[in-house]
Amino acid sequence: EPRTFRVRSAPILDDMHNRMGVLVCFDDITLMERKREALRCMMSELQQSRDELTVRNQELQILATRDPLTSCLNRRTFFELFDKHWNHAWRSDTPLSCAMLDIDHFKSINDHHGHQVGDEVLRAVATTLQESVPTQHIVCRYGGEEFCILMPAVDIQDAERVGEEVRQSVSQIHLHGLNVTASVGVSSRSLSAIDPQALIDQADKCLYVAKRSGRNQV
């Protein structure tokens, strides 16, 4: 079997420093190298396990914080973030706005085309929202066909502009012969909401005004 040696050598000199020969020492380090290789393998396996654990934790984090159908934040995680942004806006006296969005005639889509098509519409709208709003904004599937967008450091005028951009983007969705539209309501902390839920309620009331006024508007 192969063996591993550490080799050392030194010249043998006489009194006049003439070279008389060489002394060579062979240390058999086969066992030491086997242990070192085993240690390297163990460290590699540990690193792989750590990497797999990191990936698994990331997957669990996604499952715990995201809506499984749309990949938007779920309500629990959304309200945790909302509270943090609300407290920061309150302390620093900075704007904070939110928008409520509801897919128009969604019940009719489910009734006439089936829930599978309805799910496709929800996913398409969610993707559109996540791609349409700036990265610092937070998109949540609030429930059913409703979505909520939290907009830190955004006043009511800019929130309305974001809502209109989102509405226009949603109106470009065409699936299975359907022209998808949405109604949007916006509100801002400057309109005297006392807490995050009150701000959402204000935006929700504006949303229903948009629906009663003909839908597909902010």
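This briefing covers helix packing, salt bridges, one buried leucine and two backbone angles in the structure above. The model is a predicted one. A search of the whole structure finds 16 salt bridges, and three of the pairs are described below along with one network. Helix H4, residues 115-132, is a recurring element here: its axis comes within 10 Å of the axis of helix H5 and within 7 Å of the axis of helix H3.

**Helix H4 against helix H5**

- Helix H4 (residues 115-132) and helix H5 (residues 156-170) have axes that come within 10 Å and cross at roughly 140°.
- Because angles over 145 degrees count as roughly antiparallel and 65 to 115 as roughly perpendicular, this crossing makes H4 oblique to H5.
- The crossing of H4 past H5 is right-handed.
- On the H4 side, the contact involves Val 125, Thr 128, Leu 129 and Ser 132; on the H5 side, it involves Val 166, Ser 169 and Val 170.
- Sorted by class, this contact has four nonpolar residues, three polar residues and no charged ones.

**Helix H3 against helix H4**

- The axis of helix H3 (residues 106-113) comes within 7 Å of the axis of H4, and the two cross at roughly 140°.
- H3 and H4 are therefore oblique to each other.
- H3 contributes Phe 106, Ile 109, Asn 110 and His 113 to the contact, while H4 contributes His 115, Val 117, Gly 118, Val 121 and Leu 122.
- By class, the H3 contact with H4 has five nonpolar residues, four polar residues and no charged residues.

**Leu 122 and its surroundings**

- Leu 122 is a residue of helix H4.
- Its relative accessible area is 2%, so Leu 122 is buried.
- Leaving aside neighbours within four places in sequence, Leu 122 is in contact with Leu 69, Thr 70, Ile 103, Phe 106, Arg 141, Gly 144, Glu 145 and Phe 147.
- Leu 69, one of these contacts, is 53 residues away from Leu 122 along the chain, and the C-alpha atoms of the two are separated by 8.0 Å.

**Salt bridge between Arg 3 and Asp 28**

- Side chains of opposite charge can pair when their charged atoms come close.
- Arg 3 and Asp 28 form a salt bridge through their side chains, with an N to O distance of 2.9 Å.
- Arg 3 is in the segment before strand E1 (5-13) and Asp 28 is in strand E2 (residues 19-28), so the pair ties together parts that are 25 residues apart in sequence.
- Arg 3 is partly exposed, at a relative accessible area of 43%, and Asp 28 is also partly exposed, at 40% relative accessibility.
- Arg 3 and Asp 28 belong to a network of salt bridges that also links Glu 1 and Arg 34.

**Salt bridge between Lys 211 and Asp 102**

- Lys 211 and Asp 102 form a salt bridge in which the closest N and O atoms are 2.8 Å apart.
- This pair links distant parts of the chain, with Lys 211 in helix H6 (residues 196-212) and Asp 102 in strand E3 (residues 96-103), 109 residues apart.
- Lys 211 counts as buried at 12% relative accessibility, and Asp 102 is buried with a relative accessible area of 6%.

**Salt bridge between Glu 164 and Arg 167**

- Glu 164 forms a salt bridge with Arg 167, and the closest N and O atoms are 2.6 Å apart.
- Both residues lie in helix H5, three residues apart, which is about one turn of the helix.
- Glu 164 counts as partly exposed at 26% relative accessibility, whereas Arg 167 counts as buried at 12%.

**Positive phi angles**

- Most residues other than glycine have a negative phi.
- Ser 71 has a positive phi of about 70° although it is not a glycine.
- Ser 71 lies in the loop between helix H1 (30-65) and helix H2 (75-92), and it is partly exposed, with a relative accessible area of 41%.
- Arg 215 likewise has a positive phi, near 70°, in a residue other than glycine.
- Arg 215 is in the segment after H6 and is partly exposed, with a relative accessible area of 32%.

Note on methods:
Residues are numbered from 1 along each chain as its sequence is written. This is a predicted model: local features need pLDDT of at least 70, side-chain atom pairs count only at pLDDT 80 or more; totals for chains, interfaces and linings use all residues. Side-chain values use heavy atoms; hydrogens and water are left out. Axes are lines fitted to C-alpha atoms, for helices over the stretch in contact, and angles run from 0 to 180 degrees between N-to-C directions. Helices (H or I, at least four residues) and strands (E, at least two) are DSSP runs, numbered from the N terminus. Angles under 35 degrees count as roughly parallel, over 145 as roughly antiparallel, 65 to 115 as roughly perpendicular and the rest as oblique. A crossing is left-handed if the near helix is turned anticlockwise from the far one by less than a right angle, and right-handed if clockwise. Contact means heavy atoms within 4.5 Å. Ala, Val, Leu, Ile, Met, Phe, Trp, Tyr, Cys and Pro count as nonpolar, Asp, Glu, Lys and Arg as charged, and the others, Gly among them, as polar. A salt bridge is a side-chain nitrogen of Lys or Arg within 4 Å of a carboxyl oxygen of Asp or Glu. Buried means under 20% relative accessible area, exposed over 50%, partly exposed in between (1.4 Å probe, protein chains only).
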